[in-house]
Amino acid sequence: MGTQYTRTYWEALLASLRLEGRHFIDGAHRPSRSGLTITRPRPMDGAAGPVLARGDAADVDAAVAAARAAFASGVWRHKEPGDKKKIMLEWAGLIRAHGEELAMLETIDVGKPVTASLNVDVRLCADGIQYYGEMVDKMYDEIAPTGPKARALVRKVPLGVVGAITPWNYPMIIDAWKLGPAIAAGNSVVLKPAEQSSLTAIRLAELAVEAGLPAGVFNVVTGYGEETGKPLALHMDVDMIAFTGSTEVGKLIMGYAAQSNVKRVALELGGKSPLVVFEDADLDAAASAAAWGCFYNSGETCHASTRLIVQRSVQEALVSKIEAVAKNDIVLAHPLDPSAQIGALIEETHMEKVLSMIAAGEQEGARRAFGAERVLAETGGCYISPGVFIDMTNDMSLARQEIFGPVLAAIPFDTEEEALTIVNDTVYGLAGAVFTKDMDRAHRFSEAIHAGTVWINTYDMATFATPFGGFKQSGFGRDRSVHAIDKYCDYKTIWQQFG
Ligand code: NAD
């Protein structure tokens, strides 16, 4: 019999945890050199959250120096591939073994339901480390075609020190998307998690060392973006920044790279993804996909299906089915309640921003079908109910801006041509979907949607085997899949002339 997860069980775990919020540098916890700390209220109930080290350039320097020393010594990159694989698999195993604790840390920081943290975030984090661990002893280099008088080796070599800067919406998963391939390729990493969500990053680093990863290979520096992320991205001894976050900050990261050492950057940025429904579609399937695609994680998902582009004749029927899914199937509740499927938003300022975007949208004429209101205010937490606005046009702010809340904009169309124009009329290109029973149209349309991932008659299906990332201002570079390794390597040619 597995554990019976009850609210009491999770509350007891919460009460028993000691929260570690210091940097993790060269295999040990360190306070900030300045002595400064950060605290913030917990999104689930407004109670005092963890105390974090407030890093600055001095802490970043220490972490980068540790990462560089580990890389230069070869203590990790020159280890036998089979031994590296064992360590990464052990690390994945420890993540699973500490799953409940990691899930609780994620929920304390982010306010998502602990059941989701355990069943989705912890699982996918461990799977990510395992996926890349399994690749370590299966990566070959090349020999280029030359004449018989020469041999040219094309070696795939690690870059050196990778800086990873990550957001707060899926901290553990996105950290694993960077850490897995970067470390499997032989690099050292300095991770700067979002200031809202650093607890799991620190715990992942502790578990990595426990699994046998040498000190200095994986370091964590916590703090604000301007004070910690910026010096990391400007650092002259960092070879690459792997960034996930907003398009606005992604543009700054490109600038920092240009102003410093022309380090390479990979950017996973924002989105405003379309889900297109034709009148011949299975409306129940489309409603379920649209609701879960937009409302899961309280809408705080980069590839959330936030634009519902729907044939006018079925808009009303589809929206009432979405309302039924939102109200009957998707349980919004306190994150420690095991039945909760969506929980709190990340913080009060973000909740206020979402509510003010909704109000501005209504001022412009957006018509609310249901929801999109503050709820559970008596808990002291930050909760907004899933909601839909209908009869929108694609020029309205709710249809254009990334809201990062549970708000769906329904935009009706009459012809396929019109639908396609609306779909691609966005600065983003992260994901999209088309629902139709006409397979010719499904293929035509999926080819024409300008986005990194397009689903047909489903939404948000993926495995580690499929790359993830965006076109246009949703960024470039891909997380997940074997291709992610390439971002963290460079090609080096060694030419040997005979005779
Ligand atoms: P954000 O851009 O505000 O912050 C992301 C990270 O950058 C944080 O660690 C932050 O501290 C840091 N940062 C902020 N300012 C910085 C600066 N000047 N220099 C260096 N670092 C800085 O994003 P967020 O609010 O944490 O996350 C939400 C955004 O992330 C949304 O736009 C969402 O679409 C995007 N996102 C994208 C993906 C993807 O894979 N494409 C995945 C998740 C989230």
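**Aromatic contacts in the model**

Okay, let's start with one residue: F468 is buried, at a relative accessible area of 4%. Keep in mind that this is a predicted model.

So who does F468 pair with? That would be W177: the ring centres are 5.4 Å apart and the planes sit at 55 degrees, so we call this one tilted. In sequence the two partners are 291 residues apart, with W177 in helix α6 and F468 in the loop between β21 (453-456) and β22 (471-472). W177 is buried as well, with 11% relative accessible area.

Zooming out for a second, the count for the model is 11 aromatic pairs. Here's another of them: W168 and F404 are edge-to-face, 5.4 Å centre to centre, with 80 degrees between the planes. W168 is in the loop between β7 (161-165) and α6 (171-184), while F404 is in the loop between α13 (397-400) and β18 (407-413), so this pair ties together parts 236 residues apart in sequence. Are those two rings buried or exposed? W168 comes out at 14% relative accessibility, and because the cut-off for buried is under 20%, W168 counts as buried. F404, at 15%, is buried too.

There's also a cluster to look at: Y5, Y9 and W10 form one aromatic cluster.

Last bit, charges over rings. Which ring does R77 sit over? It's F71, with the charged end of R77 4.0 Å from the ring centre. And then R441 lies over the face of F278, at 3.9 Å from the centre of that ring.

That's my tour, thanks.

Key:
Residues numbered from 1 in each chain as written. Predicted model: local features only at pLDDT ≥ 70, side-chain atom pairs only at ≥ 80, totals over all residues. Heavy atoms only, no water. Phe/Tyr/Trp six-rings, centres within 6.5 Å; stacked < 30°, edge-to-face > 60°. Helix = DSSP H or I, 4+ residues; strand = E, 2+ residues; numbered from the N terminus. Buried < 20%, exposed > 50% of the residue type's maximum accessible area, 1.4 Å probe, protein only. Lys NZ or Arg CZ within 6 Å of the ring centre and 35° of its normal.
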